[in-house]
Amino acid sequence: MQYTVLEADFFNRPTLKVARELLGKHLVCKDIKGEVRVARIVELESYDGFEDQASHAHRGQTPRNAVMFGPAGVWYVYLCYGVHWMLNIVTGPKDYPAAILIRGLEGVVGPGRLTRAYGIDKRFDCKPALPQSSLWLEDRGEPVPESGFERTPRIGVDYAGPVWARKPYRFVIK
DNA sequence: TAAGTGATCTCT
DNA sequence: GAGATCACTTAA
C-alpha cells in the first residue's frame, strides 16, 4: 500500500464528509531534528459554516479566525484557555468558514495534549497541510468501516445553545 | 470540582 | 485600555 498525502481537493468538500473520511487517516509531523512521527487519527469534531453557533466563525471574520474563511487544506492553530494549542484543518471552499478540530490520536487523546506531545503551536497557523510545512495528513490505507466509529455531540460547546451544542459533529473510533 | 492561563474580542 | 470569554487539563 502506497501512502498518499491528503491535499487541498480532499478537504475542499462538505465538512462532515471530510470529517468522516479523515477518521483513521494519519497525522505526520517532522520535528525540528527531522524526526518523523506518525499517528492515526481517532477523534475529530467539525465546525461548519456561519450558522454553527459553536464555531469561531459564527460571529463573523476576525484576524484570528480569518484562515477558516480561506481555501481548504490549511492549518488553523489557536491558543485556548491561555494554555492549550488547538489543531484544526480548514475545509470547504474559500469564503465558507469551516474546519475540523483534531481531538485525538492513537495514544494521545485530548486536543491540548496532542499538540503538546507533537510540539504544535502558532508556527503552523495558516500553513498548508503539506510535507513542506513539516505537518501533514496521509492516507495509509486502513479505512474505518461504518461499524467502527460513532458520532456524538461536541465537547465543551454548551454555550452554543441546545440546537448546535447537540449536533452529532464529533466522530470517534470505537 | 475548581483554578490556572493569556490571547482575543467587545465594549468604552 | 479594561473586562469577559474561552472548541482544556490537571490535581484534588
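## Where helix 3 meets DNA strand C

Helix 3 is the biggest contributor to the surface near DNA strand C, giving four residues. Near here means that a residue has a heavy atom within 4 Å of the strand. Helices (H or I, at least four residues) and strands (E, at least two) are DSSP runs numbered from the N terminus. Before going further: this is a predicted model, in which local features need pLDDT of at least 70, side-chain atom pairs count only at pLDDT 80 or more, and totals for chains, interfaces and linings use all residues. Residues are numbered from 1 along each chain as its sequence is written, chains are lettered from A and ligands numbered from 1 in the order in which they are written, and side-chain values use heavy atoms, with hydrogens and water left out.

Helix 3 covers 111-118, and along with strand 5 (84-90) and strand 6 (98-105) it is one of the elements that each supply at least two residues to this surface. There are 19 residues around DNA strand C, and the ones that come nearest are His-84, Asn-88, Gly-112, Arg-113 and Tyr-159. On the DNA side, sugar and phosphate make up 60% of the strand C atoms that come within 4 Å of the protein. Sorted by type, the protein residues here are ten nonpolar, six polar and three charged. In that scheme Ala, Val, Leu, Ile, Met, Phe, Trp, Tyr, Cys and Pro are nonpolar, Asp, Glu, Lys and Arg are charged, and the others, Gly among them, are polar.

## Polar contacts to strand C

A polar contact is a pair of N or O atoms within 3.5 Å; within protein, one must be able to donate a hydrogen and the other to accept it, and residues adjacent in sequence count only if both atoms are side-chain atoms. His-84 goes for a base: an N or O atom in its side chain is 3.0 Å from a base oxygen of DNA strand C. Arg-113 goes for the phosphate, with a polar side-chain atom 2.9 Å from a phosphate oxygen of that strand. Pro-111 joins in through its backbone, where a polar atom sits 3.2 Å from a phosphate oxygen of DNA strand C.

## The surface around strand B

What lies around DNA strand B? The residues are Thr-62, Pro-63, Arg-64, Tyr-81, Gly-82, Val-83 and Lys-122, and they split into three nonpolar, two polar and two charged. Of the strand B atoms within 4 Å of the protein, 67% are sugar or phosphate, with bases making up the rest.

Backbone atoms turn up in these polar contacts too. Tyr-81 has a polar backbone atom 2.6 Å from a base oxygen of DNA strand B, and Gly-82 has one 3.2 Å from a base nitrogen. Arg-64 puts a backbone N or O atom 3.4 Å from a phosphate oxygen of DNA strand B.

## The loop after helix 3

Between helix 3 and strand 8 (135-139) runs a loop that holds Ile-120. Ile-120 has a relative accessible area of 2%, so it is buried. For these labels, buried means under 20% relative accessible area, exposed over 50% and partly exposed in between (1.4 Å probe, protein chains only). Ile-120 touches Val-77, Trp-85, Leu-87, Leu-114, Thr-115 and Leu-135, leaving out residues up to four places away in sequence; contact means heavy atoms within 4.5 Å. Measuring C-alpha to C-alpha, Ile-120 is 10.0 Å from His-84, and the two are 36 residues apart in sequence.

Asp-125 is in that loop as well, and it counts as buried because its relative accessibility is 13%. Its side chain reaches the backbone nitrogen of Val-77 at 3.0 Å. Beyond neighbours within four places in sequence, Asp-125 is in contact with Val-67, Trp-75, Tyr-76 and Val-77.

## Two positive phi angles

Most residues other than glycine have a negative phi. Cys-126, in the loop between helix 3 and strand 8, has a positive one, near 70 degrees. Cys-126 is partly exposed, at 48% relative accessible area. Ser-134 is also not a glycine, and its phi is positive at about 70 degrees; with 21% relative accessible area, Ser-134 is partly exposed.

## Chain A overall

Chain A has four helices and ten strands, and 52% of its 174 residues count as buried. Among contacts between residues at least 6 apart in sequence, 59% join residues at least 24 apart.
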